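The following exchange concerns how structural labels are assigned. Each answer sets a computed value against its criterion.

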Amino acid sequence: MSTTEPKGIAGHGAFFQPTNLSPEDARRATAWVEKVVDKRTVDLGERMDDVRDHMWELEREGEIIVHRITDAHRPRMVKTLFGWDKKIPTAQLWHHKSCGQCGNIPGYPTSLLWTMNELGMKPGTDYLDETDQTSCTAWNYHGSGIGNVESLAAVFLRNFHQAYVSAKKLGLDAGHFYPLVHCGTSYGNYKEIRKYLVESPELRERVKKILGKLGRLVDGKLVIPEEIVHYSEWVHVMRNDIVSKLQKIDVSHLRVTVHMACHYSKMVHEDAIYDPEVMGGNRAATGTGMAQALGAQVIDYSTWYDCCGFGFRHIISEREFTRSFTIDRKIKVAREEANADLMLGIDTGCITTMDKNQWIGRAHEKNYSLPIMADIQFAALACGADPFKIVQLQWHASPCEEVVEKMGISWAEAKRKFEAYLAEVKAGKIEYLYDPKLADSMSRAAA
């Protein structure tokens with residue numbers, strides 16, 4: 001590259017150049033950020049095509065197999081942004097785990113598994129948490145630009161094929177378990193990829209060759225799910241069951257703010273749940289609905305619509321932008337406007353960003369701190385889950401001690417019990433949320 005060629009801003013490429021706007025022009029250019037954005041102010045335009053209608057056509061033509069949500073999955077119906085019906089399965093679930101959760105926020109998936117167990121759901125029947133799955137690879141695609149749509153589609157189809165056939169190893173019919181996607185990044189990526197696959201016969205043909213080599217076709221056809229379902233959607237439709245059957249702690253004195261993940265409500269936005277019982281049906285309902293059902297005070301704040309600062313590309317190439325954005329546009333505002341006790345999220349990247357970057361504010365005398373956790377972590381705490389062993393708040397960088405104490409849970413006592421538990425684990429006495437023999441049997445059957 002020529003040394004005289006413009007390099008752009010902080011490694012973002014030559015197409016990123018300073019605008020040199022005046023302060024007034026810059027204010028006008030970003031004034032939309034200050035607007036109240038809700039369902040009533042969004043221009044929905046004409047009715048969009050429902051991708052599911054095209055899936056049925058492709059199935060009738062023998063192109064694909066649709067992995068359906070049946071009565072056996074005990075689905076509950078919700079309404080999405082355009083008023084469309086969406087089925088959310090509540091049983092016979094295949095956990096599509098999150099690399100970011102398991103690596104950065106392990107109390108996120110354990111809180112979900114713990115809640116299912118407490119509701120009486122049985123591993124191997126009501127849900128399956130097997131090891132035969134991969135990362136969705138979307139972070140690589142969005143963050144680095146190395147991946148491509150064809151590779152994303154192949155991974156999507158490979159994982160969802162595994163969900164479809166996984167029950168056979170237990171002597172059950174194909175389709176018994178339905179995929180429940182833990183990560184908002186995966187969720188948004190898979191929704192986009194499903195649309196590309198349905199709309200592009202060329203993409204289907206290319207990935208069919210890949211899936212064929214992997215042995216991941218059923219009767220020579222691609223398997224595509226009827227719905228892409230996020231874990232927070234399961235939490236939303238189960239929120240009243242969780243509260244009525246499990247809640248032990250009164251949280252009505254807590255002031256809670258909610259961050260809505262872009263990958264849930266902005267990517268393929270027509271698929272997000274809008275519930276008239278939550279914020280008047282004006283905003284995506286997941287996360288907020290669970291907090292309301294628990295009885296917490298859900299407090300609004302002006303920058304609720306803003307990204308958390310993660311944004312994929314700039315978390316890698318311009319990390320200080322991410323850190324300043326999450327502090328100035330989210331944490332500071334929630335503290336000063338809402339006087340929040342904590343902030344809830346529903347996505348791996350959002351919670352990681354807001355949780356892990358608050359410390360950097362001290363370098364700039366911005367000492368704003370706010371506990372950050374997932375909706376299901378907060379729900380599990382309110383239902384009596386151990387803050388260390390299950391919710392695993394010791395992995396969080398944001399200060400969670402005060403809000404735990406406000407819930408009537410002794411942080412010091414919980415820590416003492418956890419240290420005693422660790423000594424038992426070291427001695428070989430191990431507890432499991434999920435029967436490891438079941439995972440072993442699945443692995444042996446696969447081999």
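The questions and answers below treat a predicted model.

Q: How confident is the predictor in the protein, and where does pLDDT stay under 50?
A: The average pLDDT of the protein is 89, and 89% of the residues score at least 70. Over residues 443-447 pLDDT stays under 50, and for this stretch the model has three contacts beyond four places in sequence.

Q: What makes up the protein in terms of helices, strands and buried residues?
A: The protein has 18 helices and eleven strands. Of its 447 residues, 52% are buried. Among contacts with a separation of 6 or more, 77% are accounted for by residues 24 or more positions apart.

Q: Why is Cys102 called partly exposed?
A: The relative accessible area of Cys102 is 42%. Buried requires under 20% and exposed over 50%. Cys102, at 42%, lies in between and is therefore partly exposed.

Q: How do you know that Cys102 is in no disulfide?
A: A disulfide requires two cysteine sulfur atoms within 2.5 Å. The nearest cysteine sulfur to that of Cys102 belongs to Cys99 and is 8.1 Å away, so the criterion is not met. A search of the whole structure finds zero disulfides.

Q: Why is Cys350 not bonded to Cys308?
A: The closest cysteine sulfur to that of Cys350 is in Cys308, at 4.1 Å. The cut-off is 2.5 Å, so this separation is too far for a bond.

Q: Is Cys350 buried or exposed, and what decides the label?
A: Cys350 has a relative accessible area of 4%. Buried means under 20%, so Cys350 is buried.

Q: Why is helix α14 described as largely enclosed by the rest of the structure?
A: Helix α14 spans residues 348-356, and eight of its nine residues are buried, so the description follows. The buried residues include Cys350, Ile351, Met354 and Asp355. The buried residues of α14 pack against α3, α4, α13, β10 and β11. α14 lies across β10 and β11, running at about 160° to β11.

Q: What makes Thr303 count as buried, and where does Thr303 lie?
A: Thr303 has 3% relative accessibility, and the limit is under 20%, so Thr303 counts as buried. Thr303 lies in the loop between β9 (297-298) and α12 (313-317). Not counting residues up to four places away in sequence, Thr303 touches Arg329, Lys330 and Val333.

Q: Why are β9 and β11 said to stand at the edges?
A: The open sheet of four strands has the order β9-β8-β10-β11, with parallel pairing. β9 and β11 each have a single partner strand, so one side of each is left without a neighbour in the sheet.

Q: What makes β8 and β10 a pair?
A: Strand β8 (residues 255-258) and β10 are joined in the parallel sense over three bridges. Pairing needs at least two bridges, so the two strands qualify. Thr257 has Met343 in β10 as its bridge partner. Helix α15 (residues 375-382) lies across β8, β10 and β11, running at about 85° to β11.

Q: Which residues touch the most other members of the largest nonpolar core?
A: Trp234 and Phe378 do so, in a core of 118 residues. Leaving aside neighbours within four places in sequence, the contacts of Phe378 include Val251, Leu294, Leu344 and Met407. A second, separate core has five residues, among them Ile65 and Val165.

Conventions:
Residues are numbered from 1 along each chain as its sequence is written. This is a predicted model: local features need pLDDT of at least 70, side-chain atom pairs count only at pLDDT 80 or more; totals for chains, interfaces and linings use all residues. Side-chain values use heavy atoms; hydrogens and water are left out. A nonpolar core is a set of buried Ala, Val, Leu, Ile, Met, Phe, Trp, Tyr and Cys residues joined through side-chain atoms within 4.5 Å. Buried means under 20% relative accessible area, exposed over 50%, partly exposed in between (1.4 Å probe, protein chains only). Contact means heavy atoms within 4.5 Å. pLDDT is the predictor's confidence in each residue, from 0 to 100. Axes are lines fitted to C-alpha atoms, for helices over the stretch in contact, and angles run from 0 to 180 degrees between N-to-C directions.
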